[in-house]
Amino acid sequence: MPPDSSRWRALTSVFASVVEPAGFGLVVPPMFEDLGVFLRLGDATDVVTKEMYDFEDKGGRRVALRPEHTAGVCRAFVQHRPATPWKVWYSGSNFRYEKAQAGRYRQFDQVGVEVLGVDDPLLDVEVIALAWKFYAALGLREVELVVNSLGDEDDRASYVDALRRHFGARNDELSPEARATLERNPLRVLDSKRPQDAAAVAAAPSMRDHLSPDAKSHFEAVVSGLATLGVPHRIDDRLVRGLDYYRRTTFEFVAHRLEGSQNAVGGGGRYDGLVEDLGGPSTPGVGFALGIDRTLLACDAEGCFPLPNPGVDVFVVDTSGGGTALEITHELRSLGRSADRAWEQRSMKSQMKSADRSGAKVAVIVGSDEVAAGTCTVRNLGTSEQTTVARSDLAAHLDALLGPVGDARRPA
Ligand code: HAM
């Protein structure tokens with residue numbers, strides 16, 4: 001709701017201002033898709049097994065509210081076959097049936113990018129650096145970038161086998177939750193934060209020992225590209241992430257001021273097999289999504305990216321019947337000046353109260369005398385100074401007082 005929503009929108013504008021100059025165009029995927037599109041996220045992932053809002057529509061089709069954007073973007077690519085590299089960005093809601101708590105919601109928003117059709121580690125660097133630049137543009141300083149490689153499909157499979165053997169041998173010491181996870185998805189056992197699992201997790205084999213030479217050199221190029229751009233990062237070979245489609249590069253942005261289990265403000269990686277899985281040609285892909293809700297919580301925690309000034313420039317107080325306010329607001333808005341007014345022919349006192357509440361810097365006051373004389377009184381609501389000006393000079397007078405329309409120097 002306003003005024004918070006203005007901060008929300010400002011965040012999306014900052015995101016657009018970072019990614020559009022890098023050649024990304026806006027994509028607006030549907031809120032819901034055929035369930036099959038999202039089953040590609042992996043039948044061993046929580047997102048698919050527990051968290052999907054899926055249902056049957058009136059035509060008997062199984063559909064699901066999108067739990068994320070990547071799969072829908074890839075489906076659109078397969079359907080429309082745009083030229084590659086296809087660089088797109090998005091902003092919108094996602095739905096996951098999770099245990100709702102601070103920073104974890106059943107409807108949450110993301111901004112993100114996806115690039116389809118390029119198998120170059122330097123693109124991974126470009127993509128990660130854009131997210132980094134975005135956080136910096138918000139003023140966030142305590143976000144850490146964590147990177148890892150999950151290797152190619154075969155590397156990942158051999159690593160999963162190694163983990164299954166490792167945790168299987170220590171099954172007795174694992175928590176019941178970790179044992180259940182091991183059955184479904186051995187990679188996710190690495191995510192266990194339970195003290196009981198800590199020793200087994202610490203002793204687990206490393207992904208790095210299972211990377212093919214190609215995957216290894218891809219990862220080295222990513223890490224060295226990040227260093228070239230001066231993007232600080234930590235390599236964590238336990239970073240596995242919650243979606244199954246990742247191949248090679250994976251990364252996450254962690255906000256250290258937020259509560260442990262909800263401190264990932266964004267994440268992404270490569271998903272080279274996903275387009276093929278959805279029936280398209282073999283097409284590499286890489287991207288990220290950043291949680292808007294959590295990113296704003298991180299901004300609150302760091303005291304950055306405050307609410308933009310929500311007020312209008314001018315509030316018109318009209319005690320002559322209201323018609324003059326109709327004309328003046330219309331005229332000022334046509335010139336690009338934000339303006340509001342009171343209704344229902346309220347008293348002067350009541351209208352001045354509304355003017356104060358509106359956050360406007362200036363009240364333009366007109367009564368019957370001013371209407372007859374073709375003037376208006378301009379009152380600075382901060383200093384209470386008043387000047388009477390001709391109606392025809394009003395816009396120029398406001399420019400002098402408030403700065404030209406759209407001026408970023410507009411007083412806060
Ligand atoms: P994800 O890690 O599932 O990745 O979500 C990305 C971000 O969305 C998280 O880091 C978090 O900030 C936010 N998020 C996720 N679930 C919730 C929730 N229940 N409540 C609030 N915020 C949440 C993806 O969604 C992938 N599609 C990212 C990607 C794009 N990979 C490649 N391209």
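Helices and strands here are DSSP runs, numbered from the N terminus. With that settled, here is a walk through this predicted model, starting at the ligand.

**Around the ligand**

Three strands each supply at least two residues of the shell around the ligand: E6 (107–116), E10 (264–270) and E11 (285–291). The biggest giver is E10, which puts six residues into that shell. In total, 27 residues surround the ligand, and the closest are Glu 68, Thr 70, Glu 98, Tyr 105 and Tyr 246. Sorted by class, the shell is a mix of eleven nonpolar, nine polar and seven charged residues.

What do the polar contacts look like? On the nitrogen side, a ligand atom sits 2.9 Å from an N or O atom in the side chain of Glu 114. The backbone joins in too: a ligand oxygen is 2.9 Å from a polar backbone atom of Ala 264, and at Val 265 a polar backbone atom lies 3.3 Å from an oxygen of the ligand. As for cover, the ligand on its own would expose 660 Å², and the protein buries 95% of that.

**How the helices pack**

Helix H5 (residues 121–138) turns up in both of the packings below, once with H1 (residues 4–19) and once with H10 (residues 213–228).

| Helix pair | Angle | Axis separation |
|---|---|---|
| H1 and H5 | about 135 degrees | 10 Å |
| H5 and H10 | about 40 degrees | 8 Å |

Angles over 145 degrees would count as roughly antiparallel, and 65 to 115 as roughly perpendicular; at about 135 degrees, H1 and H5 are therefore oblique to each other. Now take the other pair, H5 and H10, at about 40 degrees. That angle makes H5 oblique to H10. Handedness is easy to report: H1 passes H5 in a right-handed crossing, and H5 passes H10 in a right-handed crossing as well.

**Backbone oddities**

Where do the cis peptide bonds described here sit along the chain? One runs from Pro 2 to Pro 3, with omega near 5 degrees, and Pro 3 belongs to the segment before H1. Another joins Thr 84 and Pro 85, where omega is about -5 degrees. Pro 85 is in the loop between helix H4 (70–80) and strand E5 (86–95).

Arg 248 also deserves a look: its phi is near 60 degrees, a positive value in a residue other than glycine. This arginine, Arg 248, lies in strand E9 (residues 247–255).

Notes
Residues are numbered from 1 along each chain as its sequence is written. This is a predicted model: local features need pLDDT of at least 70, side-chain atom pairs count only at pLDDT 80 or more; totals for chains, interfaces and linings use all residues. Side-chain values use heavy atoms; hydrogens and water are left out. A residue is near a molecule or strand if one of its heavy atoms lies within 4 Å of it. A polar contact is a pair of N or O atoms within 3.5 Å; within protein, one must be able to donate a hydrogen and the other to accept it, and residues adjacent in sequence count only if both atoms are side-chain atoms. Accessible areas come from the Shrake-Rupley method with a 1.4 Å probe; for residues, only the protein chains shown count as cover. Helices (H or I, at least four residues) and strands (E, at least two) are DSSP runs, numbered from the N terminus. Ala, Val, Leu, Ile, Met, Phe, Trp, Tyr, Cys and Pro count as nonpolar, Asp, Glu, Lys and Arg as charged, and the others, Gly among them, as polar. Axes are lines fitted to C-alpha atoms, for helices over the stretch in contact, and angles run from 0 to 180 degrees between N-to-C directions. Angles under 35 degrees count as roughly parallel, over 145 as roughly antiparallel, 65 to 115 as roughly perpendicular and the rest as oblique. A crossing is left-handed if the near helix is turned anticlockwise from the far one by less than a right angle, and right-handed if clockwise.
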